[in-house]
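Please look over the sequence and the structure shown here, and then follow this short report as it moves from the sheet to a helix and a single side chain.

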Amino acid sequence: MVRIRVLVVDDHRIFAESLAAALAAEPDVDVSAAGSGPAASRCLERAAAEGRRFDVLLVDADLGAGAGAAVPAQREAGAAPPPSVSDGIALVAGVRVAHPGVRTVVLAERDDPRRAALALQAGASGWVAKDCSLSRLLAVVRGVLREETHLPPALLTGVLRELTAARKHRSDSERLVESLTPREHEVLRCMVAGLGRKDVAARLFLSPHTVRTHMQNVLGKLGVHSTLAAVALARRAGVRPAELSGDVVERSGQLA
């Protein structure tokens with residue numbers, strides 16, 4: 001019998017233990033539990049090192065809300081604020097990068113089309129209510145291993161609307177970025193990398209005054225009023241940060 005290895009990640013101990021016990025009663029399921037993002041990360045790394053990789057993560061959407069950071073995650077900045085690095089959606093994004101073979105399903109207290117769309121964009125294969133039946137949850141677990149995506153029917157319209165809006169927002173951002181000159185694009189990549197004006201000038205062999213002019217032009221063409229907003233728009237458009245040498249990274253960190 002092929003066994004499914006499941007990791008439940010939830011900081012509510014009673015819920016996590018109860019769900020793990022229910023899943024463990026299934027003859028083809030091996031289950032473990034973790035109470036935080038860091039604990040989940042350690043479980044995944046240890047299992048991978050031992051050749052016993054997990055197949056599915058069941059992650060609390062509100063994992064660690066208001067607590068410390070969970071795991072580093074690569075996120076794309078959007079129009080709305082990104083989820084906290086301590087929450088379950090950020091954990092999903094981190095797992096997608098570090099363990100791409102693991103399927104993730106988000107367990108939620110309530111239906112939320114926006115957050116469900118964010119979860120799918122982060123790499124989740126499903127969004128399931130915490131109070132769903134065990135049979136429903138098992139069907140989702142087995143389904144995502146067949147490359148299926150699972151959402152409650154009531155969420156489909158809202159999630160599709162959110163994903164469509166996100167794609168349009170990205171397209172608009174890409175069009176604005178395309179209006180930049182090659183030099184302005186270089187300056188924008190340096191801004192995305194977190195460099196201040198002096199470091200951009202040193203990197204591109206320009207005067208700080210010239211860099212200031214380029215930065216003002218970038219903000220004007222992108223239709224934003226701050227460096228932070230320009231960086232968010234650039235990330236939506238897929239602009240990659242400039243690659244930094246060690247000394248520049250150190251100086252930019254000091255400036256921050």
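## The sheet

In this predicted model, five strands form an open sheet whose order is β2-β1-β3-β4-β5, and their pairing is parallel. Because β2 (29-34) and β5 stand at the edges with a single partner strand each, one side of each is left without a neighbour in the sheet. From one strand to the next, the twist averages 25°.

The partner of β5 is β4 (residues 103-108), joined to β5 by four bridges, and within this pair V106 has W127 in β5 as its bridge partner. Helix α1 (residues 13-24) lies across β1 (4-9), β2, β3 (56-60) and β4, and runs at about 170° to β2.

## A lysine after β5

K130 is found in the loop between β5 (126-129) and α5 (134-144). With a relative accessible area of 15%, K130 counts as buried, because the cut-off for that word is under 20%. The side chains of K130 and D60 are joined by a polar contact of 3.3 Å, and among the other residues that K130 touches are D10, H12, F15 and E109.

## The two sides of α9

Helix α9 (residues 208-222) has 15 residues and reaches 21 Å from its first C-alpha to its last, close to the 21 Å expected. Buried residues in α9 are V211, H214, M215, V218, L219 and L222, and they lie on the same side of the helix because they cover an arc of only 135° around the axis. On the other side of α9, H209 and G220 are exposed. Just after α9 comes G223, which takes a positive phi of about 75°.

Key
Residues are numbered from 1 along each chain as its sequence is written. This is a predicted model: local features need pLDDT of at least 70, side-chain atom pairs count only at pLDDT 80 or more; totals for chains, interfaces and linings use all residues. Side-chain values use heavy atoms; hydrogens and water are left out. Helices (H or I, at least four residues) and strands (E, at least two) are DSSP runs, numbered from the N terminus. Buried means under 20% relative accessible area, exposed over 50%, partly exposed in between (1.4 Å probe, protein chains only). A polar contact is a pair of N or O atoms within 3.5 Å; within protein, one must be able to donate a hydrogen and the other to accept it, and residues adjacent in sequence count only if both atoms are side-chain atoms. Contact means heavy atoms within 4.5 Å. The expected span of a helix is 1.5 Å times one less than its number of residues. The arc is that of the directions from the helix axis to the C-beta atoms. Two strands pair if DSSP finds at least two bridges between them. Axes are lines fitted to C-alpha atoms, for helices over the stretch in contact, and angles run from 0 to 180 degrees between N-to-C directions. Lists of a residue's contacts leave out its neighbours within four places in sequence.
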